[in-house]
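Let's take a walk through this structure together, from helix packing to sheets, pockets and a few backbone details. Keep the 3D view open as you read.

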Amino acid sequence: MAVTIKSGREIDLMREAGRLLEIVHDELGRAIRPGISTKDIDKLAERLIRSYDCVPNFLNYQGFPASVCVSVNEEVVHGIPREDHILKEGDIVSLDAGLIYKGYHSDAARTYAVGSISSEAEKLVTVTKQSFFEGIKMAKAGNHLYDISNAIDAYVTAHGYGIVRDLVGHGIGTKLHEDPQIPNFAQKRKGLLLQPGMTLAIEPMINMGTGDVRWLDDEWTVVTADGAYSAHYENTILITEGEPEILTLHET
C-alpha cells in the first residue's frame, strides 16, 4: 500500500480544489427541485466545474459518461444522468461530484431532499451526514485508519440502518482513487497509522434497510437489494497535527 503524504504546495492545491468543489455543490443544491431532470443537473455540474478552469474528474473515468453521479431514492451511487429521469416531490437525490484543479482532485457527495420528504427519509439523510462527522472525530494523526471505520459503524448501527460494504472511501490526490481503501463498517484490524499530510475521501453510504446492493445492467448504477432508500455523504479531508481539515466543506 502506497499512501501519499502531501507537501505544503500540494495541500494548498488540494485546498483550492476542495473550495471550488464546495461552491459547485452549493450551486447544484440550489438547483434541486421537482421537475428537473438528472441530465439537467449533470449539464449544470459540468458547466460550473469548467467555469472555474477545472476538469470534471468523473467524466469518462473508467468510461463513466457524465460529470456527476446522480442517484435517486434506492440508487446508492453512480447513477447515470438521463433526460427522462425527472425528480419528483418526495424523492431524495445523492450528488457525487469531483473536479481536478491544476492536477489535484477533490471529491464530495451530498444527499438532498426534493421538495418535502417523509420523516423517515429525512432521518436517513441526517444520520448519514452525521456518521461522516462521527467518523472524522477519529481522523487524527496517531490514530489508525480503521478507528474512522469503527466510529461510523457504531453510529449507524445504533440507528438500525444498513451500511454498504461493497463500496468504500479512498485516498485522493493526483489520482481520484489512491490508497488506502476506507471501509464504513467495523474492522478487526487497526489499519495504517494516520499521519499529517494524508488526504482522504470519507464517504458513508447508508441504506434504510439492508446494506446489500446490486448493480443494474448499465454496469454503473448501484441500487439497494431491497429497494429501500439510500443516502450518501462525502468530503475530502486532510490529516493534520491536530483536528482534521475538511477541504470540501467550510461551514458545517
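**A pair of packed helices**

Helix H3 passes helix H4 in a right-handed crossing. Please keep in mind throughout that this is a predicted model. Two packed helices are described by the angle between their axes and the distance between the axes. Here, H3 covers residues 119–136 and H4 covers residues 145–158, and the two pack at an angle of about 145 degrees with their axes 8 Å apart.

Which residues in H3 and H4 meet? On the H3 side they are Val127, Gln130, Ser131, Glu134 and Gly135, and on the H4 side Ile148, Ala151, Ile152, Tyr155 and Val156. Sorted by class, the residues of this contact comprise six nonpolar, three polar and one charged.

**From helix to sheet**

H3 has other neighbours too: the helix lies across strands S10 and S13, and runs at about 35 degrees to S13. Those two strands bring us to an open sheet of three strands, ordered S6-S10-S13, with antiparallel pairing. Its edge strands are S6 (162–163) and S13 (230–232), each of which pairs on one side only. If you zoom in on S6 and S10 (residues 205–207), you will find two bridges joining these antiparallel strands. Ile163 stands opposite Ile206 in S10.

Strands of a sheet pair through backbone hydrogen bonds, either parallel or antiparallel. Another open sheet is also made of three strands with antiparallel pairing, this one in the order S3-S12-S11. Its edges are S3 (75–77) and S11 (213–215), each paired on one side only. On average, and ignoring direction, neighbouring strands of this sheet are turned by 40 degrees against each other. S3 and S12 (residues 222–224) run antiparallel and are joined by two bridges. Along this pairing, Glu75 stands opposite Val223 in S12.

**Two pockets to explore**

Now let's turn to the open spaces. The largest pocket has a volume of about 450 Å³. Which residues come closest to its centre? Of the 22 lining residues, they are His78, Val168, His170, His177 and Glu203. Strands S7 (169–171) and S8 (178–182) are the elements that give two or more residues to this lining. Taken by class, the lining of the largest pocket holds 10 nonpolar, seven polar and five charged residues.

The second largest pocket encloses about 230 Å³ of space. Its lining consists of 13 residues, and those nearest the centre are Arg110, Tyr112, Lys129, Tyr233 and Leu249. Here we meet H3 again, as helix H1 (8–31), strand S5 (104–113) and H3 each supply at least two residues of the lining. The lining of this second pocket divides into four nonpolar, four polar and five charged residues.

**Backbone details worth a look**

Let's finish with the backbone itself. Where is the cis peptide bond? It joins Asp179 and Pro180, with omega at about 5 degrees. Pro180 belongs to strand S8, and S8 is one of the strands that give two or more residues to the lining of the largest pocket.

Gln62 also deserves a glance: although this residue is not a glycine, its phi is positive, at about 50 degrees. You will find Gln62 in the loop between strand S1 (55–56) and strand S2 (68–72).

How values were computed
Residues numbered from 1 in each chain as written. Predicted model: local features only at pLDDT ≥ 70, side-chain atom pairs only at ≥ 80, totals over all residues. Heavy atoms only, no water. Axes fitted to C-alpha atoms, helices over the stretch in contact; angles between N-to-C directions. Helix = DSSP H or I, 4+ residues; strand = E, 2+ residues; numbered from the N terminus. Left-handed = near helix turned anticlockwise from the far one by under 90°. Contact = heavy atoms within 4.5 Å. Nonpolar A, V, L, I, M, F, W, Y, C, P; charged D, E, K, R; others polar. 1 Å grid on protein atoms, 1.4 Å probe; cavity = no way out; pocket = protein on both sides within 12 Å on 5 of 7 lines; lining within 4 Å. Points joined across faces, edges and corners; volume = space filled by probe spheres on them. Pairing = 2+ DSSP bridges.
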